[in-house]
Amino acid sequence: MRAVLSGALLVLSLATAARADDAACKRHISVVGRASETRAPDFAEVTIGIEARGASAAAALDAASEAVAGVSAQARALGVPPADLGTAAVTLQTATRTVARPGGAVTEEPDGYRASNLVTVRLADMDRLGDLLRQALESGANRIDGVSFGLRDPDKSEAALQVAATRDARSRAEALAEAVGAKLGPLCTLSTTAAGTPYRPALEMARAAPMAAKGRRVPLEAGTIPMSSEVSATFAVAQ
């Protein structure tokens, strides 16, 4: 793993203690260590939906449900396990249409019902994502609410980066201590900054049916995911 390391803050203090009961830490150096890397994602996640209209609530909801069932079946055929398939949202609303009245007045009148059903698919075989989207569009999907790429075990990568950042902090503290003619002592404090779950969103898409012709694979590139870690460390120093 190649880490990019940068940044440090030097603080020399004769009066402030890192810990009030630790005399060795009354003289200290505080540094910030950083590490970063990029990793290839190991899954893609997409939310595919269907919006349908019907004269009755049941007709609209049945139409949306039938189409999304086809999307789920296609995902399973591509090897997606049940745990990586989930309903994201189901909505049902009354629909209206705009009616122009004599004299220029405009009113909204009931016009059946509008229903939507969204399913989120997590796909480990990212090379099949374009095929899944094409098949979903052909089966009636008319919404792709978003595509993102992520890591299934980000904690493992974050732990390795924290170690690299800690080593960077100690290296910088040693260099700064040597620069001022001091000797680096034991660690006084160490803290890390919480990192969010790494992922890389693709462009969000809605009503995506026109984006791919029938039979054409939807082109998508996974790219890489940037990750970083930062630690703050304080070391005792002595002349």
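Contact here means heavy atoms within 4.5 Å, and for angles, axes are lines fitted to C-alpha atoms, compared in their N-to-C directions. With that in hand, and bearing in mind that this is a predicted model, let's start with helix H3, residues 154–179. H3 lies across strands E1, E6 and E8, running at about 140° to E1.

So what is H3 lying on? The three strands form an open sheet in the order E1-E8-E6, and the pairing is antiparallel. E1 (28–39) and E6 (183–192) are the edge strands, each with a single partner, so one side of each has no neighbour in the sheet. Going from one strand to the next, the twist averages 30°.

Now look at E8 (residues 225–238) and its pairing with each edge. With E1, the antiparallel pairing runs over 12 bridges; with E6, the antiparallel pairing runs over seven bridges. Thr 234 of E8 is a handy residue to find on screen. Ser 30 has Thr 234 as its bridge partner in E8, and Thr 189 stands opposite Thr 234 too. A little further along, Val 231 in E8 stands opposite Thr 192.

Next, a hairpin. Strands E3 (residues 85–100) and E4 (residues 106–123) pair in the antiparallel sense over 14 bridges. If you want a spot to anchor your eye, Gln 93 stands opposite Arg 114 in E4. Between the two strands of this hairpin sit five residues, and Gly 103 takes a positive phi there, near 95°.

Then there's a helix pair to inspect. Two packed helices are described by the angle between their axes and the distance between the axes. For H1 (residues 57–77) and H2 (residues 129–138), that angle is about 150° and the axes are 9 Å apart. An angle over 145 degrees counts as roughly antiparallel, which is why H1 is described as roughly antiparallel to H2. The crossing of H1 and H2 is right-handed. As for who touches whom, H1 brings Val 71, Gln 74 and Ala 75, while H2 brings Leu 132, Gln 135 and Ala 136. Sort the residues of that contact by character and you get four nonpolar, two polar and no charged.

Charge does turn up elsewhere, though. Side chains of opposite charge can pair when their charged atoms come close. Taking a side-chain nitrogen of Lys or Arg within 4 Å of a carboxyl oxygen of Asp or Glu as a salt bridge, the count comes to 13. One to look up is Glu 51 with Arg 143, whose side chains meet at 3.4 Å, N to O. Glu 51 belongs to strand E2 (residues 43–54) and Arg 143 to strand E5 (residues 143–150), so this pair ties together parts that are 92 residues apart in sequence.

How values were computed. Residues are numbered from 1 along each chain as its sequence is written. This is a predicted model: local features need pLDDT of at least 70, side-chain atom pairs count only at pLDDT 80 or more; totals for chains, interfaces and linings use all residues. Side-chain values use heavy atoms; hydrogens and water are left out. Axes are lines fitted to C-alpha atoms, for helices over the stretch in contact, and angles run from 0 to 180 degrees between N-to-C directions. Helices (H or I, at least four residues) and strands (E, at least two) are DSSP runs, numbered from the N terminus. Angles under 35 degrees count as roughly parallel, over 145 as roughly antiparallel, 65 to 115 as roughly perpendicular and the rest as oblique. A crossing is left-handed if the near helix is turned anticlockwise from the far one by less than a right angle, and right-handed if clockwise. Ala, Val, Leu, Ile, Met, Phe, Trp, Tyr, Cys and Pro count as nonpolar, Asp, Glu, Lys and Arg as charged, and the others, Gly among them, as polar. Two strands pair if DSSP finds at least two bridges between them.
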